[in-house]
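Ready for a few exercises on a protein model? Have a look at the sequence and the fold, then try each task before you read its solution.

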Amino acid sequence: MRHIISILVENEAGALSRIAGLFSARGYNIESLTVAPTEDASLSRMTIVTSGSDDVIEQITKQLNKLIEVVKVVDLSEAEHIERELMLIKVRAGPREREEMKRMADIFRGRIIDVSDNSYTIELTGDGAKLDAFIRALEPGVIMETVRTGTSGIGRGNRILRA
């Protein structure tokens with residue numbers, strides 16, 4: 001089962017390496033990883049997407065909590081949450097394809113953020129399924145380059161991750 005683990009860590013050199021090493025040493029896969037400072041400059045928030053049984057996720061959580069720089073760990077998948085991902089996708093958009101590419105971006109609520117003679121760069125946000133659907137909706141051979149951030153997530157309502 002897919003889990004989104006949110007981790008509040010002290011903003012120190014090597015913290016990311018130790019957390020990634022914990023996953024690697026135990027043979028757990030990280031499907032996506034995002035890290036950024038929080039409103040408190042001394043803390044960063046990591047969002048890790050991984051898969052495993054409830055027992056495996058419990059073991060990962062226990063191991064993470066043993067690391068000195070880890071302040072708090074929450075499995076967002078245990079309750080209602082919001083998740084989003086950002087994708088930048090460069091597509092062929094010559095004179096014949098421009099209208100179709102603009103229409104596709106509009107359908108998926110994307111924005112064209114760069115235009116050249118032969119391409120558009122489109123920005124899309126949403127859950128992974130939406131971004132995957134956009135890619136599947138495009139004609140074969142149209143995609144020139146794709147960059148995705150990985151999942152970021154937050155609990156719904158009053159559910160917060162705080163030190």
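Here come four exercises, each with a worked solution.

A quick word first: this is a predicted model, where local features need pLDDT of at least 70, side-chain atom pairs count only at pLDDT 80 or more, and totals for chains, interfaces and linings use all residues. Residues are numbered from 1 along each chain as its sequence is written, and side-chain values use heavy atoms, with hydrogens and water left out.

**Exercise 1: the open sheet**

Work out in which order the four strands of the open sheet lie, and find its edge strands.

Step 1. Get the names straight: strands (E, at least two residues) and helices (H or I, at least four) are DSSP runs, numbered from the N terminus. Two strands pair if DSSP finds at least two bridges between them.

Step 2. Follow the pairing, and you get the order E2-E3-E1-E4, with antiparallel pairing.

Step 3. Look for strands that pair on one side only: these are E2 and E4 (70-75). From one strand to the next, the twist averages 15°.

Step 4. Add the helix. H1 (residues 15-25) lies across E1, E2, E3 and E4, at about 20° to E3. Such angles run from 0 to 180 degrees between N-to-C directions, with axes fitted as lines to C-alpha atoms (for helices, over the stretch in contact).

**Exercise 2: the partners of E3**

How many bridges join E3 to E1, and how many join E2 to E3?

Step 1. Start with E1 (residues 2-10): nine bridges join E1 to E3, and the two run antiparallel. Isoleucine 4, for one, stands opposite valine 49 in E3.

Step 2. Now take E2: six bridges join E2 to E3, again antiparallel. Leucine 33 has isoleucine 48 as its bridge partner in E3, and proline 37 stands opposite serine 44.

Step 3. Trace the chain from E2 to E3, and you pass through a hairpin of five residues.

**Exercise 3: two threonines**

Are threonine 47 and threonine 146 buried or partly exposed?

Step 1. Use the cut-offs: buried means under 20% relative accessible area, exposed over 50%, and partly exposed in between (1.4 Å probe, protein chains only).

Step 2. Threonine 47 sits in E3. Its relative accessible area is 4%, so threonine 47 is buried. E3 as a strand is mostly covered, with seven of its nine residues buried.

Step 3. Threonine 146 belongs to E8 (residues 143-148). Its relative accessibility is 34%, so threonine 146 counts as partly exposed.

Step 4. Check the contacts (heavy atoms within 4.5 Å). Beyond neighbours within four places in sequence, threonine 47 touches residues including Ile4, Leu33 and Ser152, while threonine 146 touches Met87, Leu88 and Ile89.

**Exercise 4: the largest pocket**

Find which element gives the largest share of the lining of the largest pocket.

Step 1. Define it: on a 1 Å grid over the protein atoms alone, a pocket is an open set of points where a 1.4 Å probe fits, with protein on both sides within 12 Å along at least five of seven lines; lining residues have an atom within 4 Å of a point.

Step 2. List the elements that give two or more residues to the lining: E2 (32-37), E3 (43-51) and E9 (152-155).

Step 3. Pick the winner: E2 gives the largest share, four residues.
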